[in-house]
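Colleague: Please take a close look at one part of this structure, and then tell me how its surroundings and a few other places are built. Plain words will do.

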Amino acid sequence: MEPQRQLVSGSVCLLPPASCLSGSLCRLPRNIVQITHYKQYPPDISKVYSYFECRSRSEGQFNEVVFFGLQYLLKKYLAGPVVTEDKIQEAKIFYQLHFRQPVFDEEGWRKILEKHDGRLPICIKAIPEGKVIPRGNVLFTVENTDPDFYWLTNYVETMLVQVWYPITVATISREFKKILAKHLKATSGSLEGLDFKMHDFGYRGVSSQESAALGGAAHLVNFCSTDTVAGIQMVRRYYGCPMAGFSIPAAEHSTIISWGKNREKEAFESLLDQFPSGPVSVVSDSYDIFNACKRIWGDELKERVMERSADSTLVIRPDSGDVAETLLQVIKILEDCFGCSLNSMGYKLLPSYLRIIQGDGIDLGSVDEVLKKLRDKGWSAENVFFGCGSTLLQKMNRDTLNCVFKCSYVETNGRGMDVWKQPVTDPSKGSKRGRLSLRRNSNGFLETVERGAGKPEEDLLVTVFENGSILQEYTLEEIRKNAQLWQEDIIPCQHNQDHLQAEQQHIMNAVH
């Protein structure tokens, strides 16, 4: 549970992924086994109701999740007339070959085509995108709206459960933001620039273009700094934001070492010439990061560096070695060469024309460690930016947040029945019962109400999809507002009673 807090056109696929090689079918992944489920439900069943949650685990690293990505899946794969006669015929042939027996529900799919013009007769209710929800609560529900198609609810499970990925990326990204905000506030007195403190370096490290798009978009819920163009494009198309993320010219090792080891100074100087205005990032560890900072940047090119302004900052990038120790040595060398000043909180600040970005070895632990050690040495978090690749977009799976989709209610012969699973071998895999709603209780905590006992006027779940139509859309601006940080995210409360004072707390979040 969580306290009330004050602010600081698709096409459904009837076939598995391999069928997409033909180019004639849609791109929705399918779990083969669900093809036969229509034969397995009890006679006279007319309703199947299921839900999605991120199960709560006592040993889990994350206590809350950022809900994001369902709108993309609905728009791309489920909206509009998605069932066609050509798809039915191709699926019939495919599954006959695959199962070597007639198990495909040709009649059922044709009924959807004829009765509903190919639109899926299901209803999906979900929490608004961007909302931060304690684990163990319902995030969305799915049910059929036509009793003939009870089997459709869980048929779409495989595709809908893939929302685990953008949820997990958005959640991890927000955890980065909490750490950065805590140190930035403590060492500078403000959160200015927070939205640009974590840069997405993950494009090349993900498993596919769609992963890059989904993951990159999820990071943009929390930050405005990215090199993952696919994520920006997804947000433009599906979340109504013309430009959600920004970057600066940046060197990579190939553009430095192509000059030769003896001409590293010329490589650096060329970058200053090519980008005289605006920030520029220069990877400086191709040979010796300490020599580059002391001899080249801090001596041979010192005047050129000092000519730049706060609007044309030189951002030096170490990219190897022990993260904390290397960065501490680099910032000490730069202090010796260029000096520093004290900010309003009494912490040291490099000249405005000089900053550092660390993109190697970055995860939640290393960012916190680096910022703690900098703070211990008297440095403000204003001096450094971070970039993150695989930890942000790839080092995760569905079990990172224990994402599941389970049936909790059915209707048979006109009578409703709450259903659930409760394995004796693993009680943590027990599921919820009955129709569900999400409400904020009298103590200000979010809680899931089971067994159909919730009041409709209190339910925070919103109908977002019904009978092939998108009924509710969210812009990135709205999603970012929902996901913004709260004061207790920066200064964690120690007692539950502190949560109850949340109405008096102020927004503690940088402006997007």
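Which residues of helix H3 (residues 106–116) are buried?

Modeller: The model is a predicted one, and that applies to everything that follows. In helix H3, the buried residues are Glu106, Gly108, Trp109 and Ile112. A useful rule is that an α-helix has 3.6 residues a turn, so residues three or four places apart point the same way. Trp109 and Ile112, both buried in H3, can be read with that rule in mind. The buried residues of H3 pack against two other helices, H2 (85–99) and H4 (152–155).

Next, the two ends of this helix. Before H3 comes the loop that joins it to H2, and Arg100 sits in that loop. The phi of Arg100 is near 60°, a positive value in a residue that is not glycine. Arg100 counts as exposed because its relative accessibility is 74%, and the cut-off for exposed is over 50%. After H3 comes Asp117, and its phi is also positive, near 55°.

Trp109 of H3 has a second role in this description, as one of the residues that line the second largest cavity. That cavity has a volume of about 50 Å³. Besides Trp109, its lining is made of Gln34, Ile35, Tyr38, Phe104, Asp105, Trp151 and Tyr155. Sorted by class, the lining has six nonpolar residues, one polar and one charged.

The largest cavity has about 60 Å³ of space. Its lining includes Phe67, Leu70, Gln71, Leu74, Ala126 and Ile127, as well as Glu129, Val464, Ile470, Gln472 and Tyr474. Helix H1 (residues 70–78) gives the most to this lining, namely three residues. The lining of the largest cavity holds eight nonpolar residues, two polar and one charged.

A pocket is open, whereas a cavity is a space that the probe cannot leave. The largest pocket contains about 1,400 Å³ of space. It is lined by 48 residues, and those nearest its centre are His199, Phe201, Ile357, Phe385 and Phe386. Two or more lining residues come from each of these elements: helix H6 (164–188), strands S6 (198–200), S8 (314–317), S11 (354–358) and S12 (384–388), and helix H15 (390–393). Strand S12 supplies the largest share, four residues. The classes in the pocket lining are mixed, with 17 nonpolar, 18 polar and 13 charged residues.

Phe385 can stand as an example from this pocket. It lies in strand S12. Phe385 is partly exposed because its relative accessible area is 24%, which falls between the limits of 20% and 50%. Leaving aside residues up to four places away in sequence, Phe385 touches Phe196, Lys197, Arg355, Ile356, Ile357 and Gln358. Phe385 and His199 are 186 residues apart in sequence, yet their C-alpha atoms are 7.8 Å apart in space.

Val305 gives a contrast to Phe385. Val305 is found in helix H12 (residues 302–306). Val305 is buried because its relative accessible area is 0%, and buried means under 20%. With residues up to four places away in sequence left out, Val305 touches Trp297, Leu314, Phe338, Tyr353 and Leu354. Of these partners, Phe338 is 33 residues from Val305 in sequence and 9.4 Å from it in space, C-alpha to C-alpha.

Another place where helices meet is the pair H13 (residues 323–338) and H14 (residues 364–376). These two pack at an angle of about 35°, with their axes 9 Å apart. Their crossing is right-handed. On the H13 side the contact is made by Val323, Ala324, Glu325, Leu327, Leu328 and Ile331, and on the H14 side by Glu369, Val370, Lys373 and Leu374. This contact has seven nonpolar residues, no polar ones and three charged.

A last loop residue can be set beside Arg100. Asn413 is in the loop between strand S13 (403–412) and strand S14 (415–418). Its phi is positive, about 55°, although Asn413 is not a glycine. Asn413 counts as exposed because its relative accessibility is 56%.

Methods
Residues are numbered from 1 along each chain as its sequence is written. This is a predicted model: local features need pLDDT of at least 70, side-chain atom pairs count only at pLDDT 80 or more; totals for chains, interfaces and linings use all residues. Side-chain values use heavy atoms; hydrogens and water are left out. On a 1 Å grid over the protein atoms alone, a cavity is a set of points where a 1.4 Å probe fits but cannot get out, and a pocket is an open set with protein on both sides within 12 Å along at least five of seven lines; lining residues have an atom within 4 Å of a point. Grid points are joined across faces, edges and corners, and a volume is the space filled by probe spheres set on the points. Ala, Val, Leu, Ile, Met, Phe, Trp, Tyr, Cys and Pro count as nonpolar, Asp, Glu, Lys and Arg as charged, and the others, Gly among them, as polar. Buried means under 20% relative accessible area, exposed over 50%, partly exposed in between (1.4 Å probe, protein chains only). Contact means heavy atoms within 4.5 Å. Axes are lines fitted to C-alpha atoms, for helices over the stretch in contact, and angles run from 0 to 180 degrees between N-to-C directions. A crossing is left-handed if the near helix is turned anticlockwise from the far one by less than a right angle, and right-handed if clockwise.
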